[in-house]
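Dear colleague,

Please find below the structure I wished to hand over to you, together with its sequence. My notes on it follow directly after.

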Amino acid sequence: VLEPSSSLPLERLVVILVQLGVSSSLGWDAGLVEGRFAAEREAATKNSYRVGAEFTDLTPAQQARALFDPNGNLPPVIETVRTDATLRFTKPWDRQALQSTPPQITEIEIADLSGSWGKVTLRAEGSLTVDDTGVPTGSISVQAREWRHLLEMAVAAEWIAPAFLPALESGLDLLATLDGDSATIEAKIAFENGFIRVGSVPLGPAPRIVIR
């Protein structure tokens with residue numbers, strides 16, 4: 001649904017996918033049972049959109065499984081992935097946005113980012129600001145069950161440098177033990193000066209958030 005003006009700014013959008021299957025000429029397949037995505041412009045804040053998504057029974061491609069779960073510890077299907085967030089941009093999503101440099105994200109407010117993959121569950125919330133070069137600053141609170149699998153996935157995907165793994169795993173293990181459940185952890189991930197850290201343990205450079 002677009003606003004009736006010459007620039008046709010986006011008012012709201014809903015996309016529903018059912019029994020989606022994707023096959024590549026490179027030899028991989030992926031699919032999901034159902035996926036829903038929605039976005040709606042927030043009138044109270046300029047260039048702000050609330051977005052939500054939910055995917056159920058997502059089957060990742062074999063290459064993705066090899067990257068994120070190289071030891072094959074998790075089932076072949078990701079049960080659920082959900083998100084509820086508000087994004088603010090440098091300019092509106094309208095007709096001009098598709099004809100020139102796209103709007104860039106300036107703020108991210110995550111109300112809910114969660115997922116379940118076998119025994120691994122993840123929930124996160126927080127807020128980030130993004131500068132002109134795409135570097136985020138802020139913090140995200142994370143609750144993770146079977147967090148050691150998540151660490152293995154992060155290292156395999158090269159999100160965390162292997163050199164940081166022993167110190168990070170030791171610190172997280174201590175936090176989990178203090179909370180009374182060694183399999184579940186609650187931690188705050190900080191984004192500062194272009195780097196990510198958990199407590200005093202650095203994880204590496206922060207990802208650049210740039211829309212091409």
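Strands E8 (residues 184–192) and E9 (residues 195–198) are paired in the antiparallel sense, with 4 bridges between them. Within this part of the model, which is a predicted one, Ala190 stands opposite Arg197 of E9.

The sheet as a whole is open and is formed by 10 strands, in the order E1-E2-E3-E4-E5-E6-E7-E8-E9-E10, with antiparallel pairing. Its edges are taken by E1 and strand E10 (201–205); each has a single partner strand, so one side of each is left without a neighbour in the sheet. On average, neighbouring strands of this sheet are turned by 15 degrees against each other, direction ignored.

Edge strand E1 also bears on the surface of the model. Leu13, Val15, Leu17, Leu20, Val22 and Phe37 make a nonpolar surface patch of about 400 Å², and E1 (residues 12–23) supplies the largest share of this patch, 5 residues. Val15, located in E1, has a relative accessible area of 33% and is therefore partly exposed, as this value lies between the limits of 20% and 50%.

Ala144, in strand E7 (residues 136–145), has a relative accessibility of 5%; because this is under 20%, Ala144 counts as buried. Leaving aside residues up to four places away in sequence, Ala144 touches Thr121, Leu122, Leu150, Ala183, Thr184 and Ile185. Between Ala144 and Gly115, which are 29 residues apart in sequence, the C-alpha to C-alpha distance is 9.8 Å.

With kind regards

Terms used
Residues numbered from 1 in each chain as written. Predicted model: local features only at pLDDT ≥ 70, side-chain atom pairs only at ≥ 80, totals over all residues. Heavy atoms only, no water. Patch = residues over 30% accessible without salt bridge, like charges linked within 9 Å, V, L, I, M, F, W, Y side chains within 5 Å. Areas by Shrake-Rupley, 256 points an atom, 1.4 Å probe, with all protein chains shown as cover. Salt bridge = Lys/Arg side-chain N within 4 Å of Asp/Glu carboxyl O. Helix = DSSP H or I, 4+ residues; strand = E, 2+ residues; numbered from the N terminus. Buried < 20%, exposed > 50% of the residue type's maximum accessible area, 1.4 Å probe, protein only. Contact = heavy atoms within 4.5 Å. Pairing = 2+ DSSP bridges. Axes fitted to C-alpha atoms, helices over the stretch in contact; angles between N-to-C directions.
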